Amino acid sequence: MDLRADNTIQIKELDIKWDKLDLTLGIDLPEICVGGFCIIPIPFDGCLLRAPKICVFSKDPDISFTLPLGGLITSEISVTASLLTKYAINPNRPAGMNDWDAQDANPSLANHWQLFIDPKFLDVDLFDISDMVGDLLENAVDAAIDNLLGFLPGWARDLVKAIIGSAIGLIRKILDIGDDIQEWISDLLNVSFGILDFILQLIADYLANKTPIQEIEDPYPIMPADDNPNPGAPPKIVPVKIPIRDLKVYNDDKEMVIQGNVG
């Protein structure tokens, strides 16, 4: 993750390894019906008796099957985003309850400042070919070295693997050149290419409002309560908390700063 001078952050080529991934494919065939024709018509008034009507392929989908892809698929995501803060009122807190009453009732009723990532650009490769091929090559090479050089000590085999691993890393880079160019153009134009990227960008916008990456309790606890060891007795010292107002976050290419007023 890189901090950027334009008050954004960038997460580049984050690999997602799917330990469990089931792909279900469905085939929807056009419905076919036979029968249902009129056997005994009623002149000018419809039909008295119809033949039985039988339809096939009425389900949606008609045929489905699941492929277990866990351990085989590597995805890759790159995000350029800004940081923003929002104040969240605890939905479980009764209306009119102040901060101290909430502390006495249940500390989990506290309100929070929330820190979100607001995506400006999102690029997703569902199938990261370079890493998938690289992983297959690396596993094949490791197995071959262990079989052929099993008589060598472990450190010697690791040395051989490291030497060959540099060549595998080069193969990964070569296979990833096309995707790097696309990501560079997408980042330059601040737009994602492809319908999948468009859909995921909408999802990312939704998550930017629903899923915070960090929460800061308000009022913020700076000293915990000194609990009385006797069951049911009140605490000897109440916790010390300070209210936080106007919390903001910004960054340059060197540091990230969270700033707010207290009191």
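Let's start inside the protein: strand β10 makes the largest contribution to the lining of the second largest cavity, giving three residues. Keep in mind that this is a predicted model. Strand β10 covers 111–125, and along with β11 (214–218) it is one of the elements that each supply at least two residues to that lining.

Who exactly faces this space? The residues lining the second largest cavity are T85, W113, Q114, L115, Q214, I216, L247 and I258. Sort them by class and you get five nonpolar and three polar residues, with no charged ones. The space they enclose comes to about 40 Å³.

So much for that one; now for the wider view. Scanning the whole structure for cavities of 30 Å³ or more turns up two. The general idea is easy to picture: roll a probe the size of a water molecule over the atoms, and you see where empty space is left.

That brings us to the largest cavity, which holds about 70 Å³ of space. Which element gives the most to its lining? Helix α1, spanning residues 99–105, does, with four residues. If you want to find the spot in your viewer, pick out R93, D99, W100, A102, Q103, N106, P107, L109, A110, D218, P219 and K241, the residues that line the largest cavity.

The chemistry here includes charge: the lining of the largest cavity has four charged residues, alongside six nonpolar and two polar ones. Set that against the second largest cavity, where the lining has no charged residues.

Key:
Residues are numbered from 1 along each chain as its sequence is written. This is a predicted model: local features need pLDDT of at least 70, side-chain atom pairs count only at pLDDT 80 or more; totals for chains, interfaces and linings use all residues. Side-chain values use heavy atoms; hydrogens and water are left out. On a 1 Å grid over the protein atoms alone, a cavity is a set of points where a 1.4 Å probe fits but cannot get out, and a pocket is an open set with protein on both sides within 12 Å along at least five of seven lines; lining residues have an atom within 4 Å of a point. Grid points are joined across faces, edges and corners, and a volume is the space filled by probe spheres set on the points. Ala, Val, Leu, Ile, Met, Phe, Trp, Tyr, Cys and Pro count as nonpolar, Asp, Glu, Lys and Arg as charged, and the others, Gly among them, as polar.
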